[in-house]
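Hello,

Here is the structure I promised to pass on. Please look it over before reading the notes underneath.

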Amino acid sequence: MSWNYSALSLLRGALSGHRHWSPAWRDASPKPRYDVLIVGGGGHGLASAYYLAKNHRITNVAVIERGWIGGGNTGRNTTIVRSNYLYPESARLYDFSLRLYEGLAQELNFNIMLSQRGLVLLAHSRHDLDAMSRWANAMRMNGIEAELLSRDEVAARVAGLDLSPHARLPVLGGFAQRRGGTARHDAVAWGYARAASRLGVDIIQNCEVTGFLEEGGRVAGVSTSRGSIRAERVGIAAAGHSSVLAKLAGFRLPVTSYALQALVSEPVKPVLDTVVLSPGTGAYLSQSDKGELVIGAALDLFPSYAQRGSFAVEQAIIAATLELFPAYSRLALLRQWAGIVDVVHDSSPIIGATPIPGLFINCGWGTGGFKAIPVGGWTLAHALATGRSHPLAEPFQLERFISGRLIDEAAASGIAH
Ligand SMILES: Cc1cc2nc3c(=O)[nH]c(=O)nc-3n(C[C@H](O)[C@H](O)[C@H](O)COP(=O)(O)OP(=O)(O)OC[C@H]3O[C@@H](n4cnc5c(N)ncnc54)[C@H](O)[C@@H]3O)c2cc1C
């Protein structure tokens, strides 16, 4: 059992030369059988395991990760959390998630470095202004605060923006969600892993799922690079690799996998104290606690599993960022990377049953599932424990691609799909 993290345990550690800290979670080896298996040790898989143990008292659970936990999109994203969606179904889902985030550091006893510094979306045209006023009004009708901003109000909140009338990307106004912000991505994965492990969940790294076991038309476990593991219920939370796993299980998903990239600059003193998004260009940025500017890009719009991202998209995003913030032009870039995101045609997630009895899935978060880790875990755990959809997840079933009841959040997903 690891110590509780607190000022007292720091003091205790200091008095004993910090020799007694135990690993935050147990790196387990696979057992032959579990009650529930979760494929994918990203934020959604780990949160699902934690809520299975915490909310449903199901602790004979394993999370199976082919690499290391948080090494997928969870550790590659630009860490923005928000709940500024258009439709009531999405507003309920994402705001529930943000509310869970607001109490998560205490709940997990792990500092996830949530910083509700607010986010500002920029309107560059009359059309953007109209779309944003519709968007902000929809949010208010869904009970989520939103503020429409004039050009001067944007100027007061976002230091360094080029607001001259001759700018290539003129800023006419925008809107803000004050409760939005950032959280430390790997702390979210590690916090859920530690809390789940303390409740008895096995976290198995370096173990790739290579197939699904079926018996009597139901899922009966998985085959892996470390042997077969049996379970009557299995959840998939594998983001960009969801359709690969679905194919192994024998069904198809309406998911296309694309590379999404991000970059960080060298660290500088505090220059930007809010999150800024320019949906029209696909550029968005914030400043990390280390001082780096964290810049997100648009999708590389061709299907790919290569975690790199193309130079053309990178160049376009740097150009847009410098049009908005000319003063950043002398900054050196330190790193660039990409993750493989799972994009669904209506830009909304899929959470619930699959055509294989006993097999459930959480995917389709595309470019925006970091903010949804708490609710994605909460609702997948509910489905795995009860066999039924959680009310928040009901509109987000795979079946909507047959019924046609799509929830088109392409505009609010933030990055052009
Ligand atoms: C550059 C970038 C920026 C982003 N910015 C934001 C943002 O600012 N805000 C936001 O809300 N979202 C953002 N996202 C999206 C967000 O990161 C993802 O939606 C979210 O992290 C998905 O979490 P996950 O747990 O489903 O997937 P992942 O973290 O990718 O975890 C899935 C895991 O499944 C494992 N896996 C795959 N196949 C197998 C197998 N066969 N066997 C075992 N394990 C397997 C993978 O190794 C991986 O670790 C961004 C994504 C990227 C790439």
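The notes below cover one sheet and one helix.

Please keep in mind that this is a predicted model.

The sheet first. It is open and has six strands, in the order β8-β2-β1-β12-β19-β18, and the pairing is mixed. The edges are β8 (202-204) and β18 (350-353); each has a single partner strand, so one side of each is left without a neighbour in the sheet. On average, neighbouring strands here are turned by 15° against each other, ignoring direction. In general, the strands of a sheet pair through backbone hydrogen bonds, in either a parallel or an antiparallel way. For β18 and β19 (residues 359-363) the sense is antiparallel, with four bridges between them. I350 has C363 in β19 as its bridge partner.

Now the helix. α5 runs over residues 126-141, which is 16 residues. From first C-alpha to last, α5 reaches 23 Å, close to the 22 Å expected at 1.5 Å a residue.

Which residues of α5 are buried? They are D128, M132, W135, A136, A138 and M139. These residues lie on the same side of α5, because they cover an arc of only 155° around the axis. Among the elements covering the buried residues of α5 are the strands β4 (119-123), β5 (147-150) and β6 (173-177). On the face of α5 turned away from the buried side are the exposed residues R126, H127, R134 and M141. Just after α5 comes G143, with a positive phi of about 80°.

Regards

How values were computed. Residues are numbered from 1 along each chain as its sequence is written. This is a predicted model: local features need pLDDT of at least 70, side-chain atom pairs count only at pLDDT 80 or more; totals for chains, interfaces and linings use all residues. Side-chain values use heavy atoms; hydrogens and water are left out. Two strands pair if DSSP finds at least two bridges between them. Helices (H or I, at least four residues) and strands (E, at least two) are DSSP runs, numbered from the N terminus. Axes are lines fitted to C-alpha atoms, for helices over the stretch in contact, and angles run from 0 to 180 degrees between N-to-C directions. The expected span of a helix is 1.5 Å times one less than its number of residues. Buried means under 20% relative accessible area, exposed over 50%, partly exposed in between (1.4 Å probe, protein chains only). The arc is that of the directions from the helix axis to the C-beta atoms. Contact means heavy atoms within 4.5 Å.
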